[in-house]
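Hi everyone, thanks for coming. Please have a look at the picture I am about to put up, and then I will walk you through it.

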Amino acid sequence: MTQSLPKLRLGTRGSPLALWQAHAVRDALLKAHRWPDEAVEVQVIRTTGDAITDRALSEAGGKGLFTKELEEALRDRRIDLAVHSAKDMPTRLPDGLHLVGYLPRADVRDALILREGVALRDLRPGARVGTASLRREAQLRRLRPDLDVALLRGNVHTRLAKVESGEFDGTLLAYAGLSRLGLADKVSSVLETADFLPAVGQGAVAIETRFGDIAVDALVVPVVCPATGLALRVERAYLGELDGSCRTPIGGLARLEGDEIQFRGVVLAPDGSRHYEIVRYGPINRALELGIAAGKEMRAMVPPDLLPH
Ligand SMILES: NCc1[nH]cc(CCC(=O)O)c1CC(=O)O
């Protein structure tokens with residue numbers, strides 16, 4: 001029997017980071033199946049989020065802005081899989097779609113990029129640090145209430161340019177993204193997760209497919225990382241319990257420790273004046289339950305002005 005070569009159409013946004021991630025998935029597929037280059041075709045799809053550059057994403061409508069058009073293409077069968085930053089994925093997906101898995105997770109930490117100096121403590125009081133992330137802003141204010149934290153949007157290169165030009169004294173970005181773009185040498189220092197928790201999903205590349213399209217899923221499964229899948233199951237279940245708005249600064253990180261999962265979560269007041277932390281452990285075969293329990297515990301602890309209803 002001759003096996004005909006599949007032609008998988010992989011959809012992605014067109015940003016440099018998205019393209020890197022799409023090609024990482026494509027390369028993994030080609031390698032795992034020993035396919036020739038033409039077996040996986042990358043299709044660039046422009047999303048609503050790509051058109052917004054002047055406002056904080058939380059104001060523009062938040063998550064979903066970067067995924068909608070890709071998900072429409074999936075449902076219309078114009079593509080067979082969509083590749084996303086796991087961090088940018090809403091906790092609830094549209095009917096008929098699912099996350100089949102993730103590439104092995106990269107460094108989860110946030111990185112500090114400073115015009116001068118190395119560490120957070122090197123910033124003088126009043127120094128201007130730019131970020132568009134509520135989570136980064138709140139954690140930064142908590143650690144350094146004396147800084148002037150301001151909105152800084154745009155792609156990675158734009159942000160780095162604004163630090164280099166002196167418009168900002170520093171910025172915070174995901175280490176994983178910088179490293180994928182070959183910009184790890186711009187990093188002044190990394191913020192340890194002990195005092196600065198990443199966003200749920202940070203550092204992970206997600207692969208979304210049509211639920212029930214077992215032919216496609218069977219081809220994707222060999223490239224997905226089970227450990228990353230477990231961690232993301234916990235983190236996304238936690239976020240799902242807290243969701244409702246993306247106006248609340250939320251961090252969360254699950255890690256495998258032997259046959260246990262450790263989860264740590266944080267919710268903060270936007271100005272960093274209050275923060276609520278939880279640590280929970282659970283067995284690996286109870287990942288979903290661990291995430292849900294962590295989310296419920298957090299919800300019970302956090303005052304309603306930070307997490308509505
Ligand atoms: N929201 C944009 C986004 N989505 C994923 C990453 C970085 C890569 C990753 O976390 O996997 C970034 C940039 C950033 O936050 O610095």
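I will start with the whole chain, go on to the domains and the ligand, and finish with a handful of single residues.

First, a word on where this comes from. What you see is a predicted model, and the predictor tells us how confident it is. The pLDDT of the protein chain averages 93, and 94% of the residues score at least 70. For the complex, the predictor reports an ipTM of 0.96 and a pTM of 0.94. One habit to pick up early: where pLDDT is low, the coordinates should not be read in detail.

Now the overall build. The protein chain has nine helices and 13 strands. Measuring along the principal axes would be the usual way to picture a box around it, and here the C-alpha atoms fill one of roughly 70 × 45 × 35 Å. How does the radius of gyration compare with that of a compact globule? For 309 residues, such a globule would come out near 19 Å, and the protein chain has 20 Å, so the two agree. Buried residues account for 41% of the 309 residues. Here is another number about the fold: take the contacts between residues at least 6 apart in sequence, and 70% of them join residues at least 24 apart.

Next, the domains. The domain assignment divides the protein chain into domain 1 (1-105 + 203-224), domain 2 (110-191) and domain 3 (225-304). Notice that domain 1 is written as two stretches of sequence. Between domain 2 and domain 3, the C-alpha centres are 25 Å apart. These two domains do touch: eight residues of domain 2 are in contact with ten residues of domain 3. What kinds of residues does domain 2 bring to that contact? On its side there are three nonpolar, one polar and four charged residues.

Let us move to the ligand. Around the ligand you will find S85, K87, D88, L173, A174, A176, G177, Q202, G203 and A204. Two elements give two or more residues to this shell, namely β8 (170-174) and α6 (175-180). Sorted by class, the shell has four nonpolar, four polar and two charged residues. Why do we say that the ligand lies between two domains? Because domain 1 and domain 2 both give residues to the shell around it.

Now for the single residues, beginning in domain 2. Find L112 in strand β5 (residues 110-114). Is L112 buried or exposed? There are 25 other C-beta atoms within 10 Å of L112, so it counts as buried; the cut-off for that is 20 or more. Setting aside neighbours within four places in sequence, L112 is in contact with L120, G170, L172, S188, S189 and L191. For a sense of distance, L112 and Q202 are 90 residues apart along the chain, and their C-alpha atoms are separated by 15 Å. You met Q202 a moment ago, as one of the residues around the ligand.

Compare that with K186, in the loop between α6 and β9 (189-191). K186 is partly exposed, because 17 other C-beta atoms lie within 10 Å. Beyond its neighbours within four places in sequence, K186 is in contact with I113, L160 and L178. I113 is 73 residues away along the chain, yet the C-alpha atoms of K186 and I113 are separated by 6.5 Å.

A similar story can be told for A227, in helix α8 (residues 226-242). With 14 C-beta neighbours inside 10 Å, A227 counts as partly exposed. A227 and P104 are 123 residues apart in sequence, but 7.8 Å apart in space, C-alpha to C-alpha.

Last, two arginines to look up in the backbone angles. R34 is in the loop between α1 (16-33) and β2 (40-44). Phi of R34 is near 55°, a positive value in a residue other than glycine. R34 is exposed, as it has 7 other C-beta atoms within 10 Å. R77 is in the loop between α3 (68-75) and β3 (81-85). R77 has a positive phi too, about 60°, although it is not a glycine. Having 10 C-beta neighbours inside 10 Å, R77 counts as exposed.

That is my tour, and I am happy to go back to any part of the picture.

Key. Residues are numbered from 1 along each chain as its sequence is written. This is a predicted model: local features need pLDDT of at least 70, side-chain atom pairs count only at pLDDT 80 or more; totals for chains, interfaces and linings use all residues. Domain bounds come from an automatic or database domain assignment. Two residues are in contact if their C-beta atoms, placed from the backbone, lie within 7 Å. Ala, Val, Leu, Ile, Met, Phe, Trp, Tyr, Cys and Pro count as nonpolar, Asp, Glu, Lys and Arg as charged, and the others, Gly among them, as polar. A residue is near a molecule or strand if its C-beta atom, placed from the backbone, lies within 6 Å of it. Helices (H or I, at least four residues) and strands (E, at least two) are DSSP runs, numbered from the N terminus. A residue is buried if 20 or more other C-beta atoms lie within 10 Å of its own, exposed if 12 or fewer, and partly exposed in between; C-beta atoms are placed from the backbone. pLDDT is the predictor's confidence in each residue, from 0 to 100. The radius of gyration is taken over C-alpha atoms; the globule rule is 2.2 Å times the number of residues to the power 0.38.
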